[in-house]
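Colleague: Before I rely on the labels attached to this model, I would like to hear the reasoning behind them, one label at a time.

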Amino acid sequence: MLLFAILAVFLGKCCVTSLTYKGVDWSSTLVEESGGQTYIGLDGKEKPLERIFKNNGVNIVRQRIWNTDGDYGLEYNLQLAQRAQAQGLKIYLDFHLSSTWADPSHQDRPAEWQDYGIDELAAAVQSYTQSTMNSFQDPGVLLEMVSIGNEITMGLLWPVGDMDESPYNVATLLRAASAGIKASNMRPTPRIMIHLDNGWNWDTQQWWYDTILEQGPLASSDFDIQGVSYYPFYNEDATIALLTSSLTNMIARYGKEVMVVETDWPTDCPDPLYEFPSDTQDIAISVAGQAEWISDVAEAVEAAGGTGLFYWEPAWIGNAGLGSSCANNLMFDRSGQAEDSVKAFRSI
């Protein structure tokens, strides 16, 4: 029995997973390049970033889109997406709906929507998602999936879409976003995702989806995928075991495809703000540890029946901490040289 247990552990670590989506968020690529940043592959040769990703097992890129002109706006995303598609990468568009960051602490409305009530706001959201899809369709840029909002556990487009104040309004806005995508000219229609944070916390996921779906405006048929963020350095309770359990429960209860659409691991974290979860503490804070993290999370997603994993902004050289209390979560060094952890996508 002891030998069997040892073999089981070994095989669990060595075997390649079969996730459909092996992705990275590369939203800041054009910002970095406009500042003079270039990228170097593992062979020491300068290459377009999309080619480095493709060469190392990535098959899809994630891009955030803000309702604004300039960086992260529509034209910015079209340029980036055309590069990805030319390299044979699929594209996942992440609607923030705001004109800036949308996350658990920020869900602001664009300036032109500031005075709208729920009916006007829903109409604006539907028109915006539909026109954005058409703008991608016109030059022939296909989208694999889109998320209608980014980490919207506490709602979207505050204060009208505040989850605490009016889950009915949240459901109404999501229904409008979904309707705009389905009414667009893009064919095939990209699959629609809802994206929440704290994917390890089943209680949060169940509360949110049960509450929203019982409101009425949003039906289960209005979305296809449940995406989650999963980070190791924000909560010591965020174990890999709980992630597996939460994703398993989500599939069983809602019958949707699930995936981790944001995660990363540090190579430098001398003074973390929170203790790391207990079942991650043996993973080294290093490039090798990054590769192990990707493998472990991929195995957890697959064990639950999920289909994808996305690393958040591995090449954002100008923001190495990626918003965490760790000094560096990148998969490239400060010069833009790819590190060995990039190869981890080949095995997931």
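Modeller: Let us start with a term that the strands will need: a residue is called buried when its relative accessible area is under 20%, exposed when that area is over 50%, and partly exposed in between. Please keep in mind throughout that this is a predicted model.

Colleague: What makes you say that both faces of β4 are covered?

Modeller: In a regular strand the side chains alternate between the two faces of the sheet. In β4, Met145 and Ser147 lie on one side while Val146 and Ile148 lie on the other, and all of them are buried, so that both faces count as covered under the cut-off of 20%.

Colleague: How do you know that β4 and β5 pair?

Modeller: Two strands are said to pair if at least two bridges are found between them. Strand β4 (residues 145-148) and strand β5 (residues 191-196) have three bridges in the parallel sense, and therefore satisfy that condition. Met145, for instance, stands opposite Arg191 in β5. β3 is joined to β4 by four bridges, again with the strands running parallel, and here Leu93 has Val146 as its bridge partner in β4.

Colleague: Which strands make up the barrel, and in what order?

Modeller: Eight strands close into it in the order β1-β2-β3-β4-β5-β6-β7-β8, with parallel pairing. Neighbouring strands of this sheet are turned against each other by 25° on average, direction ignored. Helix α5 (residues 118-137) lies across β2, β3 and β4, and runs at about 155° to β3.

Colleague: Why is the contact between Asp94 and Arg62 called a salt bridge?

Modeller: The term requires a side-chain nitrogen of Lys or Arg within 4 Å of a carboxyl oxygen of Asp or Glu. For Asp94 and Arg62 the N to O distance is 3.1 Å, and the pair therefore qualifies. Asp94 belongs to strand β3 and Arg62 to strand β2, so the pair ties together parts that are 32 residues apart in sequence. Both Asp94 and Arg62 are buried.

Colleague: What makes Arg62 part of a network?

Modeller: Arg62 also forms a salt bridge with Glu262, with the closest N and O atoms 3.2 Å apart. That pair links distant parts of the chain, as Arg62 is in strand β2 and Glu262 in strand β7 (residues 257-262), 200 residues apart. Glu262, like Arg62, is buried. The network of salt bridges links Asp25, Arg62, Asp94 and Glu262, and a search of the whole structure finds ten salt bridges.

Colleague: How do you classify Asp210 and Arg253, as buried or partly exposed?

Modeller: Asp210 has a relative accessible area of 24%, and because this lies between 20% and 50%, Asp210 is partly exposed. Arg253, at 47% relative accessibility, is partly exposed by the same reasoning. Their side chains meet in a salt bridge at 2.9 Å, N to O. Asp210 lies in helix α7 (residues 202-213) and Arg253 in helix α8 (residues 240-254), so this pair ties together parts that are 43 residues apart in sequence.

Colleague: What do the buried residues of α7 pack against?

Modeller: They pack against α6, β5, β6 and α8, and Trp202, Trp208 and Tyr209 are among them. At the start of α7, a side-chain oxygen of Asn201 comes to within 3.1 Å of the backbone nitrogen of Asp203.

Colleague: How do you know that the span of α9 is close to what is expected?

Modeller: The expected span is 1.5 Å times one less than the number of residues. Helix α9 (residues 287-304) has 18 residues, for which 26 Å is expected, and the helix reaches 26 Å from its first C-alpha to its last.

Colleague: What makes Ser286 a cap of α9?

Modeller: A side-chain oxygen of Ser286 lies 3.4 Å from the backbone nitrogen of Ala288, at the N-terminal end of α9, and a polar contact needs N or O atoms within 3.5 Å. Just after α9, Gly305 takes a positive phi of about 100°.

Colleague: Why is Thr29 called buried?

Modeller: Thr29, in helix α2 (residues 29-34), has a relative accessible area of 2%, and because the cut-off is 20%, Thr29 counts as buried. Thr29 touches Leu49, Tyr76, Leu80 and Arg83, leaving aside residues up to four places away in sequence.

Terms used:
Residues are numbered from 1 along each chain as its sequence is written. This is a predicted model: local features need pLDDT of at least 70, side-chain atom pairs count only at pLDDT 80 or more; totals for chains, interfaces and linings use all residues. Side-chain values use heavy atoms; hydrogens and water are left out. Helices (H or I, at least four residues) and strands (E, at least two) are DSSP runs, numbered from the N terminus. A polar contact is a pair of N or O atoms within 3.5 Å; within protein, one must be able to donate a hydrogen and the other to accept it, and residues adjacent in sequence count only if both atoms are side-chain atoms. Axes are lines fitted to C-alpha atoms, for helices over the stretch in contact, and angles run from 0 to 180 degrees between N-to-C directions. Contact means heavy atoms within 4.5 Å. Buried means under 20% relative accessible area, exposed over 50%, partly exposed in between (1.4 Å probe, protein chains only).
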